[in-house]
Amino acid sequence: MYAQSLNQQVEGTTGPEDAEAAARFQARIDAEERIEPNDWMPAAYRRTLVRQISQHAHSEIVGMLPEGNWITRAPSLRRKAALIAKVQDECGHGMYLYAAAETLGVTREQLVDELLAGKAKYSSIFNYPTLTWADIGAIGWLVDGAAIMNQIPLCRCSYGPYSRAMIRVCKEESFHQRQGYEIMLTLARGTAAQKAMAQDALNRWWWPCLMMFGPPDAQSQHSDTSTRWKIKRFSNDALRQKFVDATVPQAHFLGLTLPDPALRFNEATSHWEFGEIDWSEFKQVLAGNGPCNRDRMAARRAAHANGEWVRDAALAYAAKERARAAAAAGAA
Amino acid sequence: MYTGSITVADTPLLRYVLGRADDALVLGHRLSEWCGHGPLLEEDMALSNMALDLIGQARALYTYAGEVEAAGRDEDAYAYLRDVTSYANLLLVEQPNGDFARTIVRQLLFSAFIDPYWRALMASTDPTLAAIAAKAEKESAYHLRHASEWTVRLGDGTAESHARAQRALDELWPFTGELFTMPAGERALIDAGIAIDPETLRAPWRATVTRVVERATLTLPADGWMQRGGREGRHSEHLGHLLSDLQYLQRAFPGATW
């Protein structure tokens, strides 16, 4: 209902968009003003944001699954409570982001239907399995670390509701990242078996994490307009480099080895140079062929299908209550 | 270094505290199994919240058990290193989640008991138990409200939700008798003002459940045979599997710090 109260633009009915309005819009962007739900915006800007925000929301919800996989097996009550709280935070991020997308004239139900129909994407990283407890540390440290690199610039995104959502999300993600690193540190300083567990997790998550930043700049489809609209402020490659530069010393502090023989520090540029990313693996995961794509979608579809009678019951009860209230008002 | 299951001293107070801790941990664990799989995102949040409340209560109680036993054990020793026959939780809380109706009705039946229980325990002569009860009561009051509202929605929702809620109530009812049993040794704690006589809560519990069940247009089952044994360590087969998950890492890597 909220979404319907907002100004809507029907695409393709007015021919080319008003050039004057478009120029005013770009001027506002250039002046670092925030665009709000009721403001005029180009249809493509709206479309881009709906796609990006909903993908982000889907990623949070699907992302609950790999970590949720260890809630019942967390090794201490403190870790169990922290993990439940973390996965719950992700659920909250998903709801918050769906709400931000709804300000653009779509509904959460529509977006979820697209995900379940396999028409919408979510982050490729959640199609990898969590095999050991160390994966919970690696996800917090690396996956949330990479997410923060991506999301900090989004706190200044030109679209107001998205930028405000990201400020809150980033605060919680930073906490998750510290928590993940602390798990890794405990393992790295633990028994030989624990250290081996941590190293194995790093070996498996490192390259998929570098892929999280998306294809190399030369191949990125969406970057140019997104940059002009200040939805995206840094290129995929720039953010990836930033992540590598921040993470390599952290791995060294843990006493773990990054699974990249080509990794070396370039004194001249002050950057860590890294080896070739296997983009064919990335493409396969995006195409649905990652180790867990089918399991993740099956889990989301099962939750949705098994919950249908519950949602129906809640709606039926609400309708009965309304009818009873109306009857009581009529009788009075 | 831990090498296997621990044997806990058998004193009435320790047994009492561990029983309450086990109730909270096992039910919290069950609720946490929903995380990521709830019928709507709002319920993923709510069930996780309640799981966190219950695990928090368990941690406070296990920590207190460690003080009572004074054998140098922390909360994790009690949670992770006792075997199924040493667990003293009620059979009701270890029952599998089943569908959402079963989870909600289980929560209703337990919360309608434990909420007034904590409220009464706030007057315990044992200051630690009184403090734990004061915190837990706020949480269980919300759990009761949440479970009551959903029981009404499901019972008075669609024909399918009504049938599922009624089935859950019928199937879980035989586990409610155990709420009011008193294990050996607890009478002395009650007489000392440390613990609460659960029998005094039977009438208020029944009144709460009846009120919710009636609003939900459900039928209260007849009181037939009641299952019991959890407080004495005689559990259903379900608890062993729950503990296999819960204790896996501590058992596979004895003595490691996590």
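## A walk through chains A and B

Select Gln179(A) to begin: with a relative accessible area of 19%, this residue is buried, because buried means anything under 20%. Keep in mind as you go that you are looking at a predicted model.

**Stop 1: around Gln179(A).** Which helix are you in? Gln179(A) belongs to helix H7 of chain A. Now show what surrounds the side chain. Once you ignore neighbours within four places in sequence, Gln179(A) is in contact with Ala82(A) and Lys86(A).

**Stop 2: along H7 to Thr186(A).** Stay in helix H7 of chain A, which covers residues 160–188, and pick Thr186(A). Buried or exposed? Thr186(A) has 19% relative accessibility, so it counts as buried. Next, ask your viewer for its contacts, skipping residues up to four places away in sequence: Thr186(A) touches Arg79(A), and from chain B it touches Thr257(B) and Trp258(B). Colour the two chains differently and you can follow those contacts across to chain B.

While you're here, try a distance too. Gly137(A) sits 49 residues from Thr186(A) along the chain, and the C-alpha atoms of the two are separated by 9.5 Å.

**Stop 3: helix H5 of chain A.** Select residues 108–116, which make up H5(A), and highlight Arg108(A), Leu111(A), Val112(A), Leu115(A) and Leu116(A): these are buried. Turn the view until you look straight down the axis of H5(A); the buried residues fall within an arc of 135°, so they line one face of the helix. Here's some background for that pattern: an α-helix has 3.6 residues a turn, so residues three or four places apart point the same way.

What covers the buried residues of H5(A)? From chain A, the cover includes helix H2 (43–62), helix H4 (77–102) and helix H12 (293–306). Chain B joins in with its own helix H2 (41–69). Show these helices as cartoons and keep the H5(A) side chains as sticks.

Before leaving, step just past the end of H5(A) to Gly118(A), where phi is positive, at about 80°.

**Stop 4: zoom out to chain A.** Hide the sticks and look at the whole chain. How many helices and strands does chain A have? There are 13 helices and two strands. The radius of gyration is 22 Å, close to the 20 Å from the globule rule for 332 residues, so chain A is as compact as a globular protein of that length. Along its principal axes, the C-alpha trace spans about 75 × 50 × 30 Å.

Colour by burial next: buried residues account for 52% of the 332 residues in chain A. Then try the surface view, where chain A exposes about 14800 Å², with carbon and sulfur atoms supplying 56% of that. For charges, chain A carries 38 positive and 37 negative side chains, and the centres of the two sets lie 4 Å apart.

**Stop 5: over to chain B.** Hide chain A. What's left has 10 helices and zero strands. Chain B has a radius of gyration of 18 Å, which agrees with the value of near 18 Å for a compact globule of 258 residues. Its C-alpha trace spans about 55 × 40 × 30 Å along the principal axes.

Buried residues make up 60% of chain B. Its exposed area is about 9700 Å², and carbon and sulfur atoms supply 55% of it. Finally, colour the charges of chain B: there are 24 positive and 35 negative ones, and their mean positions are 2 Å apart.

Methods: Residues are numbered from 1 along each chain as its sequence is written. Chains are lettered from A and ligands numbered from 1 in the order in which they are written. This is a predicted model: local features need pLDDT of at least 70, side-chain atom pairs count only at pLDDT 80 or more; totals for chains, interfaces and linings use all residues. Side-chain values use heavy atoms; hydrogens and water are left out. Buried means under 20% relative accessible area, exposed over 50%, partly exposed in between (1.4 Å probe, protein chains only). Helices (H or I, at least four residues) and strands (E, at least two) are DSSP runs, numbered from the N terminus. The arc is that of the directions from the helix axis to the C-beta atoms. Contact means heavy atoms within 4.5 Å. The radius of gyration is taken over C-alpha atoms; the globule rule is 2.2 Å times the number of residues to the power 0.38. Accessible areas come from the Shrake-Rupley method with a 1.4 Å probe; for residues, only the protein chains shown count as cover. Lys and Arg count as positive and Asp and Glu as negative; His and the chain ends are not counted. The place of a charge is taken as NZ of Lys, CZ of Arg, CG of Asp or CD of Glu.
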